Amino acid sequence: MPVAKSILLAEDFEDDARALVDVLKASGIQNPIIRVGDGDEVLAYLKGEGLYGNRQSFPLPGLLLLDLKMPRVDGFQVLEWIQTQPQLKNMLVVVLSGHNDLKDVKHAYTLGAHTFLVKPFKLEDMANLAASFSSHLAGLS
């Protein structure tokens with residue numbers, strides 16, 4: 001049986017992160033979830049730098065849940081960087097936003113996002129996400 005790929009959650013607001021983890025678990029997703037709080041941490045994690053240098057403890061995720069509006073480095077900058085990284089081409093990226101601004105949605109898709117979810121998240125959103133990507137992410141149910 002394949003090992004479940006991890007989920008990297010990039011969210012700067014604790015309450016939003018906790019709510020998303022709760023909805024993920026309630027929808028049956030059992031993959032390990034690692035949370036980072038800003039765009040700099042996302043990049044450090046994906047590069048395997050600093051605290052995240054041990055790939056045994058911090059493997060590349062199969063799914064990145066990426067908030068657009070984060071301090072220091074925002075979600076758009078993270079998406080731009082990901083596009084330059086061939087080793088991340090199979091990682092699914094779901095953009096998270098507190099608003100449904102069509103310009104942001106289009107820009108995120110242009111930069112390689114696979115889907116776009118608007119906060120607050122519902123159980124149905126995560127169930128649909130799990131169903132859509134379950135064949136791609138071993139262990140995502």
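Student: Why does Tyr45 count as buried or exposed, whichever applies?
Tutor: Tyr45 counts as buried because its relative accessibility is 0%, and buried means under 20% relative accessible area, exposed over 50% and partly exposed in between, with a 1.4 Å probe and protein chains only. The model is predicted, so local features need pLDDT of at least 70 and side-chain atom pairs count only at pLDDT 80 or more, while totals for chains, interfaces and linings use all residues. Residues are numbered from 1 along each chain as its sequence is written, and side-chain values use heavy atoms, with hydrogens and water left out.

Student: What makes Phe58 buried, exposed or partly exposed?
Tutor: Phe58 has 23% relative accessibility and therefore counts as partly exposed.

Student: How do you know which kind of pair the rings of Tyr52 and Phe58 form?
Tutor: Rings of Phe, Tyr and Trp (its six-membered ring) pair if their centres lie within 6.5 Å; planes under 30 degrees apart count as stacked, over 60 as edge-to-face and the rest as tilted. The centres of Tyr52 and Phe58 are 5.2 Å apart and the planes are at 90°, so this pair is edge-to-face. Ring pairs link Tyr45, Tyr52 and Phe58 into a cluster.

Student: Why is Tyr52 called buried or exposed?
Tutor: Its relative accessible area is 9%, so Tyr52 is buried.

Student: What makes Asn100 buried or exposed?
Tutor: Asn100 has 56% relative accessibility and therefore counts as exposed. Leaving aside neighbours within four places in sequence, Asn100 is in contact (heavy atoms within 4.5 Å) with Val105, Phe116 and Val118.
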